[in-house]
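Here are some notes to read with the model open beside you. Take the points in order and find each residue as it comes up.

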Amino acid sequence: LAATQPSTNWHLKENAREHHTSKFSSEELIVRRGQAFTVTFNGTEKPEQNLIFLAETGPKPSKATKTVATFGISSTVSKEGWSAVLQSTSSNSVSISISSPHNAVIGRYRLSVQIGSSSTASLGTFVLLFNPWSSGDDVFMPNKAECEEYVLEEFGIIFAGNKNHISGFGWNFGQFQEDTLNICLSIMDRSLYYRQDPVTDVSHRHDPRYLGRVLSAMVNANDDQGVVLGNWSGKYEGGKNPTSWTGSGEILQSWKKSGFKPVKYGQCWVFAAVLTTVLRCLGIPTRTITNFSSAHDADGNLRVDEFYDADGNHLERGADSIWNFHVWNESWFTRNDLGPSYSGWQILDATPQEESGGIYQCGPASRHAIKEGEVDLDYDCPFVFAEVNADCMYWNYDSATGKKTLILSKSTEIGDSISTKAVGRDDRVDVTRDYKYEEGSAKEREIFKKARKKLGLEDKFDPTAPTQEEIEQKPDISGKFKVAGSLEVGKDLNLLLVLENLQSDAKTVNVNMTAWSTLYTRRPVNEIWKDSISVTLAPKEVKQFPIKIKYPEYQQQITTDKTIQVTALCHVEDGIQVLVQRNITLDNPAIDIQVLGEAKVNKEVVVEVAFTNPINTEVKDCVLQVEGSDLLQGILELRIPPLKASEKSSTKVKLIPSEAGPKHLLVNFSCDKFADIKTFKMVNVIN
């Protein structure tokens with residue numbers, strides 16, 4: 001007998017509730033592995049006839065690659081493979097509870113059934129995801145509040161600025177937005193790994209370690225036409241400035257709509273945010289991490305070298321750099337390859353910095369391995385270890401002679417205030433102690449030596465390294481820059497250079513000072529100001545020199561990163577040079593958001609967004625962008641008329657919330673004088 005096409009009831013609502021997938025807006029069943037789901041189908045004349053089910057995924061399903069499963073009705077759930085348990089039958093329909101194993105390949109499955117001796121009939125498709133709520137899964141997270149935050153939460157805060165001045169901005173991960181899941185599945189199918197060998201690639205998709213690495217490569221455009229194209233030039237023609245994005249949805253949609261052409265442009269937090277979206281969508285608990293004073297050690301010697309000329313200008317020499325901050329990801333899963341103590345948070349980094357295995361991918365590196373200096377463990381531990389631990393060498397470079405002289409070395413500079421968003425709150429949590437022992441402690445130095453030894457750096461002569469004598473030389477004076485007044489775009493920048501004579505005889509010092517606008521990577525872009533002074537310091541004397549950089553002086557030169565590096569290179573007569581530097585991040589003026597009235601599900605609520613022009617000239621080309629999961633569909637973009645000096649603009653936006661609970665509205669305001677002023681507001685939606 002030929003089977004008639006059965007009609008299938010996937011019990012979407014009930015299954016989604018059980019599987020924590022209710023937030024997906026999909027007509028297709030989305031479930032998590034290692035957990036039962038119910039399906040009812042009819043068209044069976046005699047439901048008690050033996051039923052054989054077939055679940056298959058990928059281009060060439062096979063038993064060997066665990067991409068196909070054949071299973072009949074059994075009385076209990078199988079411990080190993082797929083199983084089906086009969087729930088109930090009526091005259092022509094049957095309800096079945098289907099369970100997948102804890103280590104099933106994730107992705108889209110085709111489900112079919114053979115009734116008796118008739119031919120196989122298709123029941124349709126469903127998507128299987130990782131299951132952090134299930135104790136057998138590699139991504140199992142015992143703390144339910146953490147599951148909520150790191151898998152189900154669509155709002156995040158990314159920390160930026162610099163270690164003296166940490167700021168945070170909101171991001172809409174939007175992992176449950178329409179079509180995001182399909183886009184995530186197509187990201188996997190466009191990777192180099194899949195293109196080279198689709199069958200093997202799909203068979204590895206049970207492993208979060210494998211997928212994390214593959215997706216860290218696919219989120220950047222290098223090598224594989226991945227999602228986001230990086231740009232650190234300070235010029236962003238032909239694309240969007242990386243600081244202008246407010247969420248991942250727009251980026252993923254653009255990538256798909258353009259026929260999978262890389263989206264222009266991203267910098268580290270964009271790569272990290274998009275990777276968070278993709279991994280949370282697939283069910284791997286993931287968060288963004290910001291490391292302040294982050295080392296990019298290009299030559300693998302656990303040392304970063306910075307060069308300055310005699311005038312105090314920061315030179316772009318060598319491939320090493322120290323970024324004001326760098327953002328990467330941590331994902332939570334077991335490391336069966338390394339052993340239980342290395343399980344838990346794993347570092348992944350989608351920013352294309354260095355190649356690993358011939359392509360731009362990074363991780364997973366076990367966070368525990370980084371803390372213990374186990375840099376020989378997979379994957380990319382030396383690079384990540386250097387990001388938080390490298391020693392810093394500051395050199396004076398004479399371009400005429402090619403001679404370099406060490407000014408100072410610091411072992412406590414790198415890897416500061418490592419930050420992430422708190423669980424269930426809009427606060428910053430410091431996780432530095434999870435990455436390293438206390439800076440400057442004997443244990444921390446011991447681990448650093450251990451890492452150097454494992455990398456073969458202890459026994460190798462390095463001609464580029466400073467001598468012990470150079471490292472131990474003691475300067476005659478010390479200096480620092482102090483901030484006097486506010487650090488805000490549109491206001492003058494007031495600083496104090498404080499110099500102290502450490503000796504008991506007078507010292508004459510020639511000071512060359514510069515201020516450059518930079519990117520957040522400290523790459524110098526435009527010179528803003530320079531000056532030189534000659535100073536005599538009496539024995540043990542402390543002197544202060546005020547520095548004022550007026551807004552009109554830096555307004556044209558500053559980048560959208562709003563960062564300025566101020567340097568004073570002090571040439572002490574008959575003594576060694578002293579370098580004083582400070583990286584300054586300016587704040588944007590504030591925007592204010594007020595919710596007018598109560599926010600209720602499916603009822604209109606008005607939100608007022610206000611901005612006051614703080615400078616004494618008109619600002620024009622004003623654009624307001626608003627987005628927020630469960631508060632409005634897509635992104636709202638509003639053009640605002642020019643604002644005269646000190647004029648206030650007030651814009652009303654209508655929202656219709658679609659779900660109850662704490663939701664976040666993200667606002668981005670730009671004009672010709674201020675780029676990407678960001679703020680967010682928590683809106684508590686009630687039923």
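**Notes on rings, charges and helix packing**

1. Start with a group of rings. W10, F37, F41, F53, F71, W82, Y109 and F126 belong to one aromatic cluster. Keep in mind that this is a predicted model.

2. Now the wider count. The structure has 29 aromatic pairs. One of them joins Y236 and Y265. Their ring centres are 6.4 Å apart, and the planes meet at 50°. That pair is classed as tilted. It ties together distant parts of the chain, since 29 residues separate the two partners. Y236 is in the loop between β12 (228-230) and α7 (249-257). Y265 is in strand β13 (residues 263-266). Are these two tyrosines, Y236 and Y265, buried or exposed? Both Y236 and Y265 are buried.

3. Next, a tryptophan pair. W332 and W345 meet edge-to-face. Here the centres are 5.3 Å apart and the planes stand at 80°. An angle over 60 degrees is what counts as edge-to-face. This pair, too, links distant parts of the chain, with its members 13 residues apart. W332 belongs to strand β17 (residues 321-333), and W345 to strand β18 (residues 344-348).

4. Check how covered these two tryptophans are. The cut-off for buried is under 20% relative accessible area. W332 has 21% relative accessibility, so W332 counts as partly exposed. W345 has 8%, so W345 counts as buried.

5. Two charged side chains sit over rings. The charged end of K404 is placed over the ring of W395, 3.7 Å from the ring's centre. R445 lies over the face of F448, and the distance to the ring centre is 4.4 Å.

6. A record adds a label. An unreviewed UniProt entry annotates residues 260-352 as "domain: Transglutaminase-like". In the model, that span is 16% helix and 44% strand. The C-alpha atoms at its two ends lie 18 Å apart.

7. Last, a helix pair. Which way does helix α3 (residues 180-188) run against helix α8 (residues 268-282)? The two pack at an angle of about 100°, and their axes are 10 Å apart. That angle makes α3 roughly perpendicular to α8, because 65 to 115 degrees is the range for that class. On the α3 side, the contact residues are T180, L181, C184, L185, I187 and M188. They meet T277, V278, C281 and L282 of α8.

Note on methods
Residues numbered from 1 in each chain as written. Predicted model: local features only at pLDDT ≥ 70, side-chain atom pairs only at ≥ 80, totals over all residues. Heavy atoms only, no water. Phe/Tyr/Trp six-rings, centres within 6.5 Å; stacked < 30°, edge-to-face > 60°. Helix = DSSP H or I, 4+ residues; strand = E, 2+ residues; numbered from the N terminus. Buried < 20%, exposed > 50% of the residue type's maximum accessible area, 1.4 Å probe, protein only. Lys NZ or Arg CZ within 6 Å of the ring centre and 35° of its normal. UniProt positions renumbered as here; feature names shortened; annotations may be inferred. Axes fitted to C-alpha atoms, helices over the stretch in contact; angles between N-to-C directions. Parallel < 35°, antiparallel > 145°, perpendicular 65-115°, else oblique. Contact = heavy atoms within 4.5 Å.
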